[in-house]
Amino acid sequence: MLRKPTCFCDLFAGFSDVTLVELRSRDDGSLVMHIETRPSIVGCPTCGSIAQSKGRSPVELIDLECFGRSTRTIWVKRRYECIDPDCDRGTWTEVDDEIAPVRSSMTTRAGRWVTEQVGRSARSVSEVAKELGCDWHTVNDTVIAYGKALIDKDPERFGVVEALGLDEVLFARLGKFHERHFSTSIVDVEHGQLLDIVKGRSGKEPTLWLDERGHAWRDQVRFTTCDLSGPYRAVFESMLPKATLVADPFHVVKLANAKLDECRRRVQNETLGHRGRKDDPLYRSRRLLTKADERLDDKGRTKLLGLLEAGDPRGEVRMAWHAKETVRSIYDHDNAELAVQFVDRLGHDLQDESCPEEVRSLGRTLLRWRDQIAAWHTAHVSNGPTEAANNLIKRVKRAAFGFTSFRNYRIRALLYAGKPNWSLLATLTPQ
Ligand SMILES: [Zn+2]
């Protein structure tokens, strides 16, 4: 077969049915590649009559780096006109999604690449933009366009979910006063997949989200889990009443630790009249107190008891410490029946008049969540996978140096932690 020497150039350009018409270098060292599609007979999209050429209009596109040089592809687009006097089509420009989507300033292959770099590998937009020699917005807009298609246009991204968790995440600090804005992560806690992120930490948005999933989908959910938060519990109780709600063990223990901490700080203040300083016994005990008892060695325990002896005259901190350890022991066995009785009794015991106020408050919460805490002993689901997803989100947030746009945050977090089907990237064209 006889090959024209320019065939190699077309091969090098990497598009099918495209001719490389010119290759040159710019003063800044970047490479410029002029391409055009092969000529063919084109029909009018409206009436089908044979169209007439109406000249060219070149479009400059950001392309992938070539041999370490940033590269621009100039697509010399063909323009056409319908000459049928009865047709009102007028003129149009050729479309080829394999080269670049309509109105995109990046080639399709560069668009897919940046989406994978930023979305899948959590690289920063600015780093990728620098590599291609283009600006931040071009890369970001492209990632969001392809990302939206991968996340929102794929009905198969997640299917049946049997165990669902809700948890709050700080999304951004915005405005002059760095006001904190929260979001809620919705997670399949059985498979550790981030399903979605909605605005705020109230029940409103998660309720709407669950409503959109429809009855059939909701009926498949057997277990739900959340922290000891009223709004999320209300969401589950109204939208998924048949599912068993499990109070997340991690958050139950965390609450006991928080109450212990609160008690220590109050006693510190009441006995010494100031916040903890580095030589104050209670301040020095803070790490030993929250450490799990089985991780304290004899030396640590002796030290802790000595510090409490010195700084806790009424034994309140000591009681809060015991309360915390008893709460932890809820999870030492998995007998469901026993768990209900245990939590019930603990909840009542902790409300004894002799207990400090923080411990009494802990007791009230335990009673309010008794069945949900004990439900863990049969269901064994926890919000652990949600915490794991939230840690992935934090990684994305670090790469982005903080988000200000919720849309960008949602898409990028879902690209990284939402397990999109990356094999679809090679086929889809963003709108
Ligand atoms: Zn026509």
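This report describes a five-stranded sheet, the helices that pack on it, and a pair of crossing helices in a predicted model.

Residues are numbered from 1 along each chain as its sequence is written. Because the model is predicted, local features need pLDDT of at least 70 and side-chain atom pairs pLDDT 80 or more, while totals for chains, interfaces and linings use all residues.

**The sheet.** The five strands form an open sheet in the order β8-β7-β6-β9-β10, with mixed pairing. Strands are DSSP runs of E with at least two residues, and helices are runs of H or I with at least four, numbered from the N terminus; two strands pair if DSSP finds at least two bridges between them. β8 (193–199) and β10 (244–247) are the edge strands with a single partner each, so one side of each lacks a neighbour in the sheet. β7 (residues 179–188) pairs with β8 in the antiparallel sense over six bridges, and D188 stands opposite Q193 in β8.

**Helices on the sheet.** Contact requires C-beta atoms, placed from the backbone, within 7 Å. Angles run from 0 to 180 degrees between N-to-C directions of axes fitted to C-alpha atoms, for helices over the stretch in contact.

| Helix | Strands touched or crossed | Angle |
|---|---|---|
| α5 (residues 204–213) | β6 (163–174), β7, β8 | about 125° to β8 |
| α14 (residues 370–379) | β9 (223–226), β10 | about 105° to β10 |

**Helices α3 and α4.** The axes of α3 (residues 125–132) and α4 (residues 136–152) come within 8 Å and cross at roughly 115°. The two helices are therefore roughly perpendicular (65 to 115 degrees). V125 and S126 of α3 and W136 and T138 of α4 are among the contacting residues.

Conventions: Two residues are in contact if their C-beta atoms, placed from the backbone, lie within 7 Å. Angles under 35 degrees count as roughly parallel, over 145 as roughly antiparallel, 65 to 115 as roughly perpendicular and the rest as oblique.
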